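Please work through the exercises below with the sequence and the structure open beside you, and try each task before reading its solution.

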Amino acid sequence: MTAVDATPGAANPGTATPADATPGTVASGTATPADAAPGTAAPDPAAPRTARKGLDRTDLDRAYSPSSRVTDLGVHLTRYATDSARARAELTVHLDLPCGPRPEQRLDLFPAADPGAPLFVFVHGGYWQELSKSEAAFAARDFVAAGISFAALGYGLAPRHRMRDISAAVSDALHRIATGHAPLPIRPRAVHLGGHSAGAHLVASALLDAADRQAPGTFASATLLSGVYDLEPLRHTYVNDALGMDAGEARDCSPQLRMPACLPPLVVALAENDTDAFAAQHHSFVAAAREGGTEVTDLVVPGRHHFDLPFDLADPDTVLGAAVLRIR
């Protein structure tokens with residue numbers, strides 16, 4: 001169990017509480033004031049959005065704890081690492097290539113046979129405070145087998161780095177990669193982005209930054225897996241203990257609040273067994289993207305949870321993998 005995914009105070013974080021949806025059902029969203037128990041006092045209209053939903057700190061901690069839906073988290077974290085190590089052992093790889101002036105702006109590149117092949121750049125999760133690019137290359141073998149170069153991007157973590165800094169550094173690195181300003185040994189004809197959980201947030205932020213720079217076509221597409229796009233709820237959870245976001249930073253770093261903007265084509269995927277809070281984030285982001293005119297492939301993947309969904313990323317025999325591998 002990693003610290004950032006554990007629900008504080010839970011005796012057994014790997015077991016769903018009665019408040020959780022039954023495993024195997026599609027998440028239906030976080031509670032609304034109408035869901036409050038009879039006799040509950042009306043929420044303060046000036047209170048944060050999370051409080052207006054009638055959730056206290058314990059409820060919110062569990063709502064944003066993906067590990068509350070799994071009993072074998074360590075198995076999946078180990079697989080991230082072992083599959084990534086296998087990719088480095090079996091494939092051609094260029095390690096720690098710089099993609100910006102900061103020491104943490106580095107990527108591991110797994111080139112396809114064709115140096116002009118499209119490139120898929122993946123940004124890992126870990127609630128902006130754990131994991132690294134070393135555990136983020138688990139999909140490299142599938143991408144290279146499909147004729148697509150793959151890169152795992154690193155970034156600075158909290159608490160050493162603030163959310164604004166993390167988001168800005170990732171956006172800068174991805175922009176440099178896509179515009180040819182990062183010294184890579186390949187020149188891909190197209191750059192596609194992908195991110196999981198916190199990584200999905202960072203990729204969505206980079207897409208919006210590119211749109212703000214009036215650089216249409218910088219990124220060919222993006223795949224967002226089980227992301228968090230409005231950071232205000234997290235400000236009231238254990239996740240913020242390391243991040244230290246105030247209301248202004250949460251607002252400024254929330255892609256959901258910067259929509260609509262027409263973005264490149266998106267695959268936005270949610271695991272069927274993600275928590276209701278992640279489901280609500282997913283559906284709100286999809287709706288906002290479509291409202292802005294973005295082409296969105298919206299997937300709720302049956303039988304998957306937050307931590308095993310990424311293993312489908314480039315597997316052609318899965319719904320998610322088939323959607324992603326259409327990129328060229």
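In this predicted model, F122 is buried, and F138 is buried as well.

**Exercise 1.** Classify the ring pair formed by F122 and F138, and say where each residue lies.

*Solution.* Begin with the geometry: the ring centres are 5.6 Å apart and the planes stand at 75°, so the pair is edge-to-face, given that planes over 60 degrees apart fall in that class. Next, place the residues: F122 belongs to strand β3 (residues 119–123), while F138 sits in the loop between β3 and α4 (140–145), so that the pair links distant parts of the chain, 16 residues apart.

**Exercise 2.** Classify the pair of F122 and F150 in the same manner, and state whether these residues are buried or exposed.

*Solution.* Here the centres lie 6.5 Å apart with the planes at 25°, so this pair is stacked, the limit for that class being under 30 degrees. F150 is in strand β4 (residues 149–153), 28 residues from F122 in strand β3, and both F122 and F150 are buried.

**Exercise 3.** Which aromatic cluster holds these rings, and which residue lies over the face of F311?

*Solution.* The cluster consists of Y80, F110, F120, F122, F138, F143, F150 and F311. Over the face of F311 lies R79, at 3.8 Å from the ring centre.

**Exercise 4.** Compare the expected span of helix α6 (residues 198–212) with the distance between its end C-alpha atoms.

*Solution.* With 15 residues at 1.5 Å a residue, α6 should span 21 Å, and its end C-alpha atoms are 21 Å apart, which agrees. As for its surroundings, α6 is mostly covered, with 13 of its 15 residues buried.

Technical notes:
Residues numbered from 1 in each chain as written. Predicted model: local features only at pLDDT ≥ 70, side-chain atom pairs only at ≥ 80, totals over all residues. Heavy atoms only, no water. Phe/Tyr/Trp six-rings, centres within 6.5 Å; stacked < 30°, edge-to-face > 60°. Helix = DSSP H or I, 4+ residues; strand = E, 2+ residues; numbered from the N terminus. Buried < 20%, exposed > 50% of the residue type's maximum accessible area, 1.4 Å probe, protein only. Lys NZ or Arg CZ within 6 Å of the ring centre and 35° of its normal. Expected span 1.5 Å × (residues − 1).
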